[in-house]
Amino acid sequence: MSSKLVFMVLEQLGQDVQVVCSLSRLETVSDADKKAFRNAARRGDWFSVVGHLHKTARGEPSLIVSELPRLQSPSLHQVPTKLEHTETKARRPHVGMLVNPAETQTLRLRSRIETLLARWFDEHDFTKVNTPIITAGAGGATARPFITNATELRLAQLNLRIAPELWLKRLILGGMGKVYELGPAFRNEGVDATHNPEFTMCEFYWPFQSLNQLMTTTENMFHYLFEQLSSLDPSLTSHLNDSIVHRPDADHKPQSPFPKKFNRLPFIPTLEKEMGLPLPNLELPESTDLLQALFRKKSLPLPAQPTIPTLLDTLSGAYIEPLCTSPTFITEPPAALSPLAKSFRCPATGHLVSARAELFIAGAEYANMYEEENSPFEQRKKLEAQLDYRRQVDPSATVQIDESYLEALEWGLPPTGGWGLGVDRLVMLFTGRKRIGDVLPFGTLRNVVGLQRAWRK
């Protein structure tokens with residue numbers, strides 16, 4: 001304001017306070033030091049301040065300094081007031097955080113969501129475990145793994161895990177009861193708005209849980225998360241997704257966007273209704289050709305690698321998933337889509353289907369759950385069929401059946417419900433962020449690699 005009066009705003013962890021520096025009152029400070037302070041202080045510097053609490057005439061909380069503010073660490077770059085350059089955001093994520101505090105609030109909310117998940121599991125008597133990330137087989141889900149080697153095992157091809165599933169089920173076999181893990185998984189595939197090769201998964205396994213119980217458990221968990229997030233401090237909830245976590249109404253009761261019971265859409269009846277055509281018998285040798293003929297009738301483009309699972313998955317994406325605007329379980333898909341799930345003959349359609357459900361909200365998948373296949377004989381048949389599908393796509397594929405897992409099943413896996421959720425997508429749901437990179441501290445793999453390559457050049 002003048003040579004004698006300087007105003008500063010100190011910000012930390014989403015909170016700020018106005019600092020009033022009346023330099024004329026600091027009689028023990030030399031004029032040279034006062035001038036150096038006025039000339040040097042700039043946006044982005046770290047200062048420590050000693051003073052007295054005060055409220056301005058407008059009621060604004062302030063701090064009146066009693067000592068000259070001390071510079072703790074200068075910013076050698078001018079922090080911009082706006083940051084719209086996409087490449088700068090990608091190469092310098094720390095600058096984006098300085099400019100837009102909402103980005104750091106998203107990460108704080110992510111931490112809170114993960115804490116709430118852990119609390120939910122603790123309240124339901126689960127044991128938290130950590131399973132291997134580097135393995136001799138990808139294990140679990142169907143996806144392309146990352147391949148690596150270890151100094152101690154030079155001749156062994158190792159993988160970063162696709163999922164912790166097979167490890168967690170071994171713990172159930174060992175009698176541990178309810179277990180869960182929240183940690184990283186890796187799939188050597190593409191990057192888009194909802195996919196990143198490195199992501200965070202939460203999986204649990206619960207003996208004697210049926211598919212219906214798993215769906216009810218999922219509903220209860222989402223209601224729990226909503227209630228807990230709605231009660232957070234306003235400094236955090238202001239960054240929550242308004243379409244999910246509504247502001248309290250006149251009675252100060254948060255309005256839940258989640259119905260008490262989520263919708264349920266059985267895969268085959270829903271698909272046949274939306275297509276207006278019956279699904280062919282998927283157990284026939286010519287079932288792949290029959291499915292492709294169905295695609296031609298409906299003028300649908302074939303997937304790049306047309307196997308029974310990819311064709312069915314494409315049909316689901318075209319006809320069923322768009323119906324899932326509100327929270328919806330897509331249930332009982334054809335058995336070919338779920339090689340690790342129990343299967344049964346559907347009395348209504350006659351098709352062989354899985355005891356499985358996937359939770360979709362606004363057309364995006366959030367959770368996957370099923371009754372685990374616990375017969376080593378049936379599991380072998382399903383893994384062999386899965387291997388055949390992979391070889392149709394890549395005849396040179398060297399993936400082998402996990403014999404150690406099949407041997408483990410011989411020791412008796414109790415009837416078990418398994419469940420998995422993408423934590424990154426869950427954070428996107430509650431914060432309203434549209435891209436997975438927005439809920440990761442350093443963005444997607446493209447950003448991470450680009451950030452490091454930029455300085456090597």
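**Exercise 1. The three-stranded sheet**

Find the residue of β10 that stands opposite I134.

*Solution.* Step 1: L160 in β10 is the residue facing I134. The model is predicted, so local features need pLDDT of at least 70 and side-chain atom pairs pLDDT 80 or more, while totals for chains, interfaces and linings use all residues. Residues are numbered from 1 along each chain as its sequence is written, and side-chain values use heavy atoms, without hydrogens and water.

Step 2: β8 and strand β10 (residues 153-160) run antiparallel and are joined by two bridges. Strands are DSSP runs of E with at least two residues, and helices are runs of H or I with at least four, numbered from the N terminus. Two strands pair if DSSP finds at least two bridges between them.

Step 3: the open sheet has three strands in the order β8-β10-β9, with antiparallel pairing. β8 (134-135) and β9 (147-150) are at its edges with a single partner strand each, so one side of each has no neighbour in the sheet.

**Exercise 2. The eight-stranded sheet**

Give the strand order of the open sheet of eight strands, and state which strands are at its edges.

*Solution.* Step 1: the order is β7-β11-β12-β19-β18-β17-β14-β13, and the pairing is mixed. Step 2: β7 (127-128) and β13 (263-266) are the edge strands, since each pairs on one side only.

Step 3: strand β17 (residues 356-361) and strand β18 (residues 364-371) run antiparallel, joined by six bridges. L359 has A367 in β18 as its bridge partner. Step 4: helix α6 (residues 211-230) packs on this sheet and touches β12, β13, β14, β17, β18 and β19. The direction of α6 makes about 140 degrees with that of β18.

**Exercise 3. Strand β12**

How many of the 10 residues of β12 are buried?

*Solution.* Step 1: nine of the 10 residues in strand β12 (residues 198-207) are buried. Buried means under 20% relative accessible area, exposed over 50%, and partly exposed in between (1.4 Å probe, protein chains only).

Step 2: strand β11 (residues 179-186) runs antiparallel to β12, with eight bridges joining them. V179 faces Y205 in β12. Step 3: β12 also pairs with strand β19 (residues 416-422), in the antiparallel sense and over seven bridges. Here W206 is opposite G417 in β19.

**Exercise 4. Helices α9 and α10**

Describe how α9 and α10 pack, and list the residues that meet.

*Solution.* Step 1: helix α9 (residues 287-297) and helix α10 (residues 308-320) pack at about 30 degrees, with axes 10 Å apart. Axes are lines fitted to C-alpha atoms, for helices over the stretch in contact, and angles run from 0 to 180 degrees between N-to-C directions. Step 2: α9 and α10 are therefore roughly parallel to each other, the word used for angles under 35 degrees.

Step 3: S287, T288, L291, Q292, L294 and F295 in α9 meet I308, L311, L312, T314 and L315 in α10; contact means heavy atoms within 4.5 Å. Step 4: by class, this contact has seven nonpolar, four polar and no charged residues.

**Exercise 5. Positive phi**

Is S299 buried or exposed?

*Solution.* Step 1: S299 lies in the loop between α9 and α10. Step 2: S299 is exposed, with a relative accessible area of 65%. Step 3: S299 has a positive phi of about 55 degrees, although it is not a glycine. Most residues other than glycine have a negative phi.

Step 4: E332 is also not a glycine and has a positive phi, of about 50 degrees. E332 is in the loop between β14 (328-331) and β15 (343-345), and it is partly exposed, with a relative accessible area of 26%.

How values were computed: Angles under 35 degrees count as roughly parallel, over 145 as roughly antiparallel, 65 to 115 as roughly perpendicular and the rest as oblique. Ala, Val, Leu, Ile, Met, Phe, Trp, Tyr, Cys and Pro count as nonpolar, Asp, Glu, Lys and Arg as charged, and the others, Gly among them, as polar.
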